[in-house]
Structure formats: structure tokens, C-alpha cells
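Biologist: Please take one part of this model and go through it closely, starting from a single element and working outwards to what surrounds it. I would like the reasoning behind each assignment spelled out where a cut-off decides it.

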Amino acid sequence: MGFSSIISRFAIYRKLLSSNPTNRSLPLLSSRLFTSHVDNNPKKVESSSLPASSAAYHVSSGGYMRGTVFWEPDRPLTIEEFHMPRPKAGEILIKTKACGVCHSDLHVIKGEIPFSSPCVIGHEITGEVVEHGPLTDRKITEKYPIGAQVVGSFIMPCGSCSFCSKGHDDLCEDFFAYNRAKGTLYDGETRLFLRNSGKPVYMYSMGGLAEYCVIPAHALCVLPKSLPYTESAILGCAVFTAYGAMRHAAEVCPGDSVAVIGIGGVGSSCLQIAKAFGASEVIAVDIQNDKLQKAKTLGATHTINAIEEDAVERVKEITGGGVDIAVEALGKPQTFLQCLQSVRDGGKAVMIGLAKAGAVGEVDINRLVRRKVKVIGSYGARARQDLPKLVKLAETGIFNLNSAVSQKYTFEEGNKAFQDLNQGRIVSRGVVEIS
């Protein structure tokens, strides 16, 4: 090969990687044209504090996708068309296969927890690797090659803040400062832009209730081909949250007695994790008999209907004074108090249910002090350390994914899924199948 030919090829290569956003990425490896535009609200989007256009982003011509958008409380979710999102350094574009239906999203939809809007909801996903962001570390691209099957955690660690550097991914500063506080990724910008107007839309975690999503690589884990996309989606939040509570907050040991108050997607996962950790007594507390019946198949040794009997007194009767660990998975002041009252002296109350903004829990201060009762909050597990362990628990059958998922929905049924969740019609966990 002549020297002039080498120079020519090098020039082309430099052009592809130039700082111009329209040239810095290689061509998108997979894109589709969708035409099922449902509704939009350009005026609402224009109120966003994000950049008014997608000019700073490379948008592949002809590449579009659909995403489910929350606009404001009491307004139905809509399916909108977006320019294909593009990952930046350290990020990966995923073709989404499934997304779980979680109460955290429902809190946002109902306006109970403030979040930037409009936004694409959904934070519990599985999918296939489609593209790596430019300048992404070689170790990441080798770990997650194009076509790899992956599961993503809803807490997306930056990997470099003070907490992440200590291994405490669940307390990642950037995740809370940028995503939960502003609805963006960690450069302060979204990856989502409406097709018709180019206006930006925020992201709840990765904005997973969409046909494609961008997620920081540190939040991913390879999903074995032996595990199904649909059921495995819950590993990223329901199971992830339960594992964090049981492993890091509660520190469940073999022989411990455990009570779980609120047997939804997260609470039912807590039952399986407690059983896997060797708890001797696992008590499920709820007000729906169908959920309590299901709990018996997930590891509960006892069930209590809190409407039919005094839950705290029944827990004490079963255990002879209270459980070693009580977990509150609903986020209500009443169940917060029940959780505290259900633990024995020296026991631990673990709070994992998100509440309506401003909700306050009641605490008996004297008992807390005199009897050394411990109260601790837990938001989730640690993605880089724990997500591979959860995958292994599912792969070996220790955690039964099939039993944990009770309802499946199509992508177009997103509204129905959250209506069912709001009305208590999902027994354990619902999952939206996207492709």
C-alpha cells in the first residue's frame, strides 16, 4: 500500500472521529422507521429547560423509534416517535426487549414524586446491544459486544464519584444529581428528541419503556441466553431492590425471622431473597388474599391479612415477640409504623417503599433508644457487584423468575399496565414486552 493511500485512509478515519457531532459516530447499526405516532404536546415540551433542539447531537437520518411519554399528572401516557437516541462515551444503545411495570413510575405518573416532564418512563429493562458510544473504553465494548443480551439496573452508577469509587453504587452522586433531580444523563443532557419537532424529552433512569434506550455501561450485566428477556427484566429493579435490602441493609443471616409488609413486585421478591439467604420464618403481610396466596409459593411460611387481623400482634404471636427483620415495601405512614412495631428488641426495620413526597413516618423514640431498634432505608443494590449475582441466582433457579411475573403486556398496552398496577390488579410484577 502506497504512502499516499495510507494518508488518505487516515484522513477519512479522523473525519469519522472528528469533534463535529454529526460525524463522530459510526453509522447506526440497527434502525427502523415507525409511523404509529399517537399524540404530542409541543407546547409542553417547549417549556423544558433543556437545549431547544437536537443540534448538538448526531441523529441518524431515517432512524426513528417509539417511546412512552408521561406529560403531566392525570393525562394518559402517549406513544411518541423519537429520533434514534445516540450514546456518548461510556454509554450503550440498547434495543429494548422488555420493561417492568413499577410503582416508582406510577408515583411519577400520579404526581406523587416530582420529576422533570415530559419524560419517557420505564427503568427495568432487558435488551440487545446495538451500538457503543464513541470513545467508549475497549474493555466495555469487549464485555458488551454488538448483539449481546443484557439486563440493566435502574440505579445507573457513574463509576467515578466518591461513593462509586468505594463500591457503593447505590449511592451514586451523579445518578441522583442528574437523573433523579434533572431527568438527564451525566453530562446534564438527555438523549431523547421528538421526531416531529426535535424538542428534548427527559429520561426516568434510561427511559426504558421505548423501543431503544441509552444506558451507562456500568449499569449493565450480560444476560445468559438461557434466561428469557421478559421475565429477566425484573432483575433490574424488583429483584435488585429486594437484594439490596436483604443483603446490604438487613444483612439477613440463616435462621433469622423476616416479615415483609406489602407484597407487590418488590415485596414478593423480598420473600424469595429471604428464603435464599436461609431465613427460618418468612412472614408476608398484605391486604389482598390473592397476593398472600401467591406469597406462599414464593417462600412465605406465614401470611397475614392486615384487614382481617392485627398484623403487629400476629407477627409477635408467630415469632414470640417480633421478627429479627421487618421490611416495609409499600411506602405508607401506617405500614412504616407497623414495620417498626413488628421487630423484636434489637431488631432491624428496613424501609424500601417510596412514599408520596412529604410523607412522614411515626417513630416511638423511647423504644428506639432503650431497646436498640435499628431503622435503615434502602433504595437498591449495587449494580456492578450485585447484578451479576442476581443473574446467577436466576440462572440456577434459586430465584424463580417465572413465578415472580404475573402479567405481560404489549408495548401499546402501557397505559393499561399502569392502570392495572394502580388498581391492585397485578399480583406480583407486570412486564411490557416490546419486541
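Modeller: Two strands are said to pair if DSSP finds at least two bridges between them, and that criterion is needed from the outset, as the element I have chosen is a strand. The model is a predicted one, and the part I will follow is strand S1, which covers residues 64-70.

S1 is mostly covered, with seven of its seven residues buried. The burial holds for both faces of the strand: Tyr64, Arg66, Thr68 and Phe70 lie on one side, Met65, Gly67 and Val69 lie on the other, and all of them are buried. Buried here means a relative accessible area under 20%, a limit that will matter again for the loops further on.

The partners of S1 come next. With strand S2, residues 78-83, S1 pairs in the antiparallel sense over six bridges. Within that pairing Met65 stands opposite Phe82, while Thr68 stands opposite Ile79, and these two residues of S1 belong to opposite faces of the strand. S1 is also joined to strand S4, residues 119-120, by two bridges, and these two strands run antiparallel as well. Since at least two bridges are required, the two found between S1 and S4 are enough for the strands to count as paired. Here Val69 stands opposite Val120 of S4, and Val69 shares its side of S1 with Met65 and Gly67.

These pairings belong to an open sheet of five strands, in the order S2-S1-S4-S8-S7, in which the pairing is mixed. S2 and strand S7, residues 192-193, each have a single partner strand and stand at the edges, so one side of each is left without a neighbour in the sheet. S1 itself sits between S2 and S4 in that order.

The loops that lead to and from these strands hold some backbone features worth following. The loop between S1 and S2 contains Asp74, which has a positive phi of about 70° although it is not a glycine. Its relative accessible area is 83%, so Asp74 counts as exposed, the limit for that class being over 50%. On the S4 side, Pro118 is placed in the loop between helix H3, residues 103-109, and S4, and the peptide bond that joins Ser117 to Pro118 is cis, with omega at about 5°. Strand S8, which stands between S4 and S7 in the sheet order, is followed by a loop that runs between S8, residues 200-203, and strand S9, residues 212-216, and Ser205 has its place there. Ser205 is another residue other than glycine with a positive phi, near 55°, but its relative accessible area is 0%, so Ser205 is buried, whereas Asp74 is exposed.

Beyond the sheet, helix H8 offers a view of how helices pack in this chain. Two packed helices are described by the angle between their axes and the distance between the axes. For H8, residues 238-249, and helix H9, residues 265-276, the angle is about 50° and the axes are 8 Å apart. As values of 65 to 115 degrees count as roughly perpendicular and those under 35 as roughly parallel, H8 and H9 are therefore oblique to each other, and H8 passes H9 in a right-handed crossing. H8 contributes Ala238, Val239, Thr241, Ala242, Tyr243 and Met246 to this contact, and H9 contributes Gly265, Val266, Ser269, Cys270, Ile273 and Ala274. By class, nine of the residues are nonpolar, three are polar and none is charged.

H8 has a further neighbour in helix H14, residues 383-395, where the axes come within 10 Å and cross at roughly 110°, which makes H8 roughly perpendicular to H14. The residues that meet are Val239, Phe240, Tyr243 and His248 in H8 and Ala383, Asp386, Leu387, Lys389, Leu390 and Leu393 in H14. This contact divides into seven nonpolar, one polar and two charged residues. Val239 and Tyr243 of H8 appear in the contact with H9 and again in the contact with H14.

To set these parts in the whole, the secondary structure of the chain comes to 16 helices and 18 strands, and 55% of its 435 residues count as buried. Among contacts between residues at least 6 apart in sequence, 72% join residues at least 24 apart.

How values were computed. Residues are numbered from 1 along each chain as its sequence is written. This is a predicted model: local features need pLDDT of at least 70, side-chain atom pairs count only at pLDDT 80 or more; totals for chains, interfaces and linings use all residues. Side-chain values use heavy atoms; hydrogens and water are left out. Buried means under 20% relative accessible area, exposed over 50%, partly exposed in between (1.4 Å probe, protein chains only). Helices (H or I, at least four residues) and strands (E, at least two) are DSSP runs, numbered from the N terminus. Axes are lines fitted to C-alpha atoms, for helices over the stretch in contact, and angles run from 0 to 180 degrees between N-to-C directions. Angles under 35 degrees count as roughly parallel, over 145 as roughly antiparallel, 65 to 115 as roughly perpendicular and the rest as oblique. A crossing is left-handed if the near helix is turned anticlockwise from the far one by less than a right angle, and right-handed if clockwise. Contact means heavy atoms within 4.5 Å. Ala, Val, Leu, Ile, Met, Phe, Trp, Tyr, Cys and Pro count as nonpolar, Asp, Glu, Lys and Arg as charged, and the others, Gly among them, as polar.
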